[in-house]
Amino acid sequence: MWEIQSSPDEKLRWSVFFALDKARGGAVGQRFRQDREAYRLGTLIEEQKEKVRKLIRHACETTDFYRDYDPETPLNALPVVTKDTFREHYDAFRSRPYKGAGDNRIMTTSGSTGTPFAMIQDKGKITANTADSIFMGTLGHYYIGQKQAFIRVWVNNVKKSQLRLIMENSLMIDSSSLSDEALAGIAKTLADKKVRVLVGYASALGELSRYLDESGADMSVFRVGGIIPISENMPVGVRKRLSEQFNCPVRSWYSNEENGIMGIQDRDDSERYYINGESYYYEILKMDSDEPAPDGELGRVVITDLTNYAFPVIRYDNGDTAVARHESRDGRVKLYLTELYGRRSDLIYDTQGRAVTPYLITNNLWDVKGVRQFRFLQTGLKTYELRLNGDRDVMDVEDMLGRIRPTLGEDAAIAVTYVDEIPVLASGKRKYIENLCPAYRK
């Protein structure tokens, strides 16, 4: 078991937070305990179904988008929607009783893979989101009150005030530059400020890990007890190395701005994600239809947010793909995503047209000597490109191609391109894998 360490001041912050919540009625604490019980025993299936029915009734009775549907319409008879659907019919999705409510909150997506989008969340959603985030944090060894460093690109719409940072005991660390000089500064800040928890883009954390190894950093100066990668898939090898370096768990959140933190990797020896069934009902639908995909089959992630009534999110295809496993017992269910592939538009396919787990590419490339950064592209039905930034005298390209060719097919044509830098997106994220083949981007 990993050891959890908190200073007396950090423990006091945890206690004060829940004491204040109790004085206000205890809504967050109650939801936190509910999440904890569901994680231990599973979500009550009938309660989850009733939450879905209640949300559908509300949407049909209070929004223009669903007004022509009977309030008792079953979930699978409602349309699957996307972010584009929300953008095109934005006002029609807004619930009339919640319009103009002073306690609503606007969450804006980064727009890293498209146009930014603003999601309206009501007070009940905010409360649930707060409790869910706190509980999911504990599964990654993050307890509110601990000194936290959040590593990302801090654009204006997500920057936090100095007062809020003090209240949250948090640091904003910008990852716009990941030069060795910048990484040295980040490492110094983590040590000097006695940071307990690192949350940040997977690519930025991976670059930090590389720098610590190459610079021969003294790891004894750090106090990090939990690392939570976000927004991007982290190669298994990078996750393992970070865990070894800091001697702590490294567990990714599954989240987005429009819904919140929906799940987390709950084990050190597995890449699976536990999904919070108290706040979300997940469907995994077939890749080419809206029929359910059976457990074990790759499908599209379709989310129904059970807590947001200001802007009902029902059957939302968020563009991700995954393989699911349901565990049912005594009227309860737990949902795990045993494989999470990320954006459907970035899936790679082998020469026979079969989807390939991105991990099979990233896990075979992360530890190659001399490689600083890489990016793998599919450019045609049987053509691919591997872009490499690193020491050409050290990188063994034939070894790399030998590792990944069996995954794609022996007839795969893989071009190798050397570059000086793998650019990041405007959001600060870096894509390891991308599909540019016109046939797969329709």
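This passage describes a four-stranded sheet, two nonpolar cores, one loop residue and several salt bridges in a predicted model. Because the model is predicted, local features need pLDDT of at least 70 and side-chain atom pairs count only at pLDDT 80 or more, whereas totals for chains, interfaces and linings use all residues. Residues are numbered from 1 along each chain as its sequence is written, and side-chain values use heavy atoms, with hydrogens and water left out.

Helices (H or I, at least four residues) and strands (E, at least two) are DSSP runs numbered from the N terminus, and two strands are taken to pair if DSSP finds at least two bridges between them. In general, strands of a sheet pair through backbone hydrogen bonds, either parallel or antiparallel. Here, 4 strands form an open sheet of mixed pairing, in the order β19-β18-β17-β20. The edge strands are β19 and β20 (433–435), each of which pairs on one side only. Neighbouring strands of the sheet are turned against each other by 20° on average, direction ignored, where axes are lines fitted to C-alpha atoms, for helices over the stretch in contact, and angles run from 0 to 180 degrees between N-to-C directions.

Strand β17 (residues 371–378) and strand β18 (residues 383–390) run antiparallel and are joined by 7 bridges, with a hairpin of 4 residues connecting them and Phe 374 standing opposite Leu 388 in β18. The pairing of β18 with strand β19 (residues 413–418) is parallel and extends over 6 bridges, and within it Arg 387 stands opposite Thr 417 in β19. On the other side of the sheet order, β17 and β20 run parallel and are joined by 3 bridges, Gln 378 being placed opposite Asn 435 in β20. Helix α12 packs on this sheet and touches β17, β18 and β19, its direction making about 145° with that of β19; contact means heavy atoms within 4.5 Å.

A nonpolar core is a set of buried Ala, Val, Leu, Ile, Met, Phe, Trp, Tyr and Cys residues joined through side-chain atoms within 4.5 Å, and buried means under 20% relative accessible area, exposed over 50%, and partly exposed in between (1.4 Å probe, protein chains only). The largest such core has 50 residues, and those with the most contacts inside it include Leu 190, Phe 246 and Trp 253. Helix α9 (residues 202–215) supplies the largest share of this core, 6 residues. Apart from it lies another core, of 21 residues, among them Val 52 and Phe 86.

Tyr 69, in the loop between α3 (45–62) and α4 (83–88), is partly exposed at a relative accessible area of 29%. Leaving aside neighbours within four places in sequence, Tyr 69 is in contact with Cys 60, Ala 77, Leu 78 and Pro 79.

A search of the whole structure finds 39 salt bridges, each defined as a side-chain nitrogen of Lys or Arg within 4 Å of a carboxyl oxygen of Asp or Glu. One of them joins Lys 125 and Asp 305 (2.7 Å, N to O), linking helix α6 (residues 123–139) with strand β12 (residues 299–305) across 180 residues, and both of these residues are buried. Another joins Asp 213 and Arg 241 (2.7 Å, N to O); Asp 213 lies in helix α9 and Arg 241 in helix α10 (residues 236–246), so the pair ties together parts that are 28 residues apart in sequence.
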